[in-house]
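Here is a walk through one model, taken feature by feature. Have the viewer open and follow along.

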Amino acid sequence: MAPSFLFMLFCLLFLAVIVNAADLYKALELSKSASEQDIRKAYKRLSRKYHPDKNKDAGAEEKFVEIAHAYEVLSDPQKKQIYDRHGEEGLKAHESGQQPHANPFDMFSSFFGGGHPGQQQVRRGPTSITEMEVNLSDIYMGASIDFLIKKRILCDHCRGTGAASSSDIHTCPVCGGSGVQIVRQQIMPGMFSQAQVTCGQCGGRGSTITRACPHCGGAKVLEHTQTYTLDVPRGAPEGHEVMFEGEGDESPDWEAGDIVMRVRSKKDKGGWRRKESGLYWKETIGIEEALLGFERNLTHLDGHVVPLKRHGVTQPGYVQTIKGEGMPVYGQNSFGDLYVEYTVVLPKEISPDMQRRLRAVLHGHEGSFKDEL
Ligand SMILES: [Zn+2]
Ligand SMILES: [Zn+2]
């Protein structure tokens, strides 16, 4: 694909220029192509992980401060630009005479909204829930299943601004960047009402774009198909949910919501059935097996063989319980039971000779077919 190749080439050239400026990105475990949202997400994840209240490891606090510093710089478009171009040295030159660094702990609590009332909450995008049917054998053994999800991602060319370049973004001339307009209406002569309405020029964004991004056509987001791996734990209950945090549709207006995958077992006709940790199987036997007993092998979901053994008569519909051969109990190291229900099939027809012999057996005398008539 040409655009992504060009983008990579662009990144490589860019990298060559800023090769000495890798540390702040490294602190957030990001690459230099990370988006604003990636940076937020990384800070959110890592600052929680290394917060000294939680993490008592040696060096955790140091790491926490480092993460805060990286976020402070990379979340500020101006500082980020200086850092990307001129590295930490350029940043120091820029910052001389400016306010000192933010307190990493204040930053943390303001980010998570703790103790700062009135802090604007970040809007979250919608969470999508998808039901996924998996083979019962995958639940029996546990499995990793790759699947594709179509979602919207921020355009990587304009980083979700919708503009061809940052010089194409202008403060809205109508609202002056506030996103709202004051509308004066005369209710009666000499009397006016004032109403605040969303700016019609910029749609409330406070900025207008002169040249739209050629990559997304100004839409800010692109359709994207991404592969994820769903880990199905052994014995996962029906409706088990696996969350992919922050992997929902991206938008410049919100922090991406989550993707939730809800796991269910596929219902195969005539196959295995499960009810919680119980496993159900229907086995068909012939009349002689039903009357005289039998030994059979049942191949289990993972291929191991369960011997089915019966002595004497097995009634149609009889359910045999086999301990410990059911589904794994979720989160435990044990198994439920297997219930085998027997269906007896009778022969479609039997020969006159067989009829005579059966009568003899069942009635206890050697009568001929004709005698009975
Ligand atoms: Zn406006
Ligand atoms: Zn774009």
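Is Arg274 buried or exposed? With a relative accessible area of 14%, Arg274 is buried. Keep in mind that this is a predicted model, and that goes for everything below.

## Arg274 and its partner

Arg274 has company: it forms a salt bridge with Glu238, and the closest N and O atoms are 2.9 Å apart. Arg274 sits in strand E10, while Glu238 is in the loop between strand E7 (221-232) and strand E8 (240-244), so the pair ties together parts that are 36 residues apart in sequence. The two ends don't match in exposure: Arg274 is buried, whereas Glu238, at 32% relative accessibility, is partly exposed.

## Other salt bridges

In total, the structure holds 18 salt bridges. As background, side chains of opposite charge can pair when their charged atoms come close. One of the pairs here is Arg262 with Glu241, whose closest N and O atoms are 2.8 Å apart. Arg262 is in strand E9 (residues 259-265) and Glu241 in strand E8, so this bridge ties together parts that are 21 residues apart in sequence. Both partners count as partly exposed, Arg262 at 22% relative accessibility and Glu241 at 43%. They also belong to something wider: Glu131, Glu241, Arg262 and Arg264 are linked in a network of salt bridges.

Then there is Lys323 with Asp337, where the closest N and O atoms are 3.2 Å apart. Lys323 and Asp337 are 14 residues apart, and each is in the loop between E14 and strand E15 (338-345). Which of these two is exposed, and which is buried? Lys323 is exposed, with a relative accessible area of 66%, but Asp337 is buried at 16%.

## Two zinc sites

Take the zinc ion (ligand 1) to begin with. Its donors are the SG atoms of Cys172, Cys175, Cys199 and Cys202, at 2.2 to 2.3 Å. Why does the arrangement count as tetrahedral? The four donor atoms around the zinc ion (ligand 1) subtend angles of 102 to 115°, and the cut-off asks for all angles to lie between 85 and 135 degrees. Along the chain, these donors follow the spacing C-x2-C-x23-C-x2-C. Cys172 and Cys175 are both buried.

The zinc ion (ligand 2) is held by the SG atoms of Cys155, Cys158, Cys213 and Cys216, at 2.2 to 2.4 Å. This site is tetrahedral too, with angles of 103 to 114° among its four donor atoms. The spacing of the donors of the zinc ion (ligand 2) reads C-x2-C-x54-C-x2-C. Cys155 and Cys158 are both buried.

## Helix H3

Does the length of H3 agree or disagree with what its residue count predicts? Helix H3 runs over residues 36-50, and at 1.5 Å a residue its 15 residues should span 21 Å. The end C-alpha atoms are 21 Å apart, which agrees.

Quite a few positions in H3 are buried, among them Ile39, Ala42, Tyr43 and Leu46. For reading that list, recall that an α-helix has 3.6 residues a turn, so residues three or four places apart point the same way.

## Contacts across the sequence

Met132 belongs to strand E1 (residues 128-134) and is buried, with a relative accessible area of 13%. The C-alpha atoms of Met132 and Leu230 are separated by 9.7 Å, although the two are 98 residues apart along the chain.

Leu279, in strand E11 (residues 278-286), is buried with a relative accessible area of 0%. Leu279 and Val340 are 61 residues apart in sequence, yet 8.5 Å apart in space from C-alpha to C-alpha.

## Backbone and surface

Want some backbone angles to check? Glu29, a residue other than glycine, has a positive phi near 55°. Glu29 lies in the loop between helix H2 (23-27) and H3 and is partly exposed, at 43%. Glu276 also has a positive phi, near 50°; it is in the loop between strand E10 (273-275) and E11 and is exposed, with a relative accessible area of 68%.

On the surface, Ile287, Leu291, Leu292, Val313 and Leu346 form a nonpolar patch, with about 510 Å² of accessible area together. Val313 is in the loop between strand E13 (305-311) and strand E14 (319-322) and is partly exposed, with a relative accessible area of 48%.

Conventions. Residues numbered from 1 in each chain as written. Chains lettered and ligands numbered in written order. Predicted model: local features only at pLDDT ≥ 70, side-chain atom pairs only at ≥ 80, totals over all residues. Heavy atoms only, no water. Patch = residues over 30% accessible without salt bridge, like charges linked within 9 Å, V, L, I, M, F, W, Y side chains within 5 Å. Areas by Shrake-Rupley, 256 points an atom, 1.4 Å probe, with all protein chains shown as cover. Salt bridge = Lys/Arg side-chain N within 4 Å of Asp/Glu carboxyl O. Helix = DSSP H or I, 4+ residues; strand = E, 2+ residues; numbered from the N terminus. Buried < 20%, exposed > 50% of the residue type's maximum accessible area, 1.4 Å probe, protein only. Donors = N, O, S within 2.8 Å, 3.2 Å for Na, K, Ca; no water. Tetrahedral: all angles 85-135°; square planar, octahedral: opposite > 155°, others 65-115°. Expected span 1.5 Å × (residues − 1).
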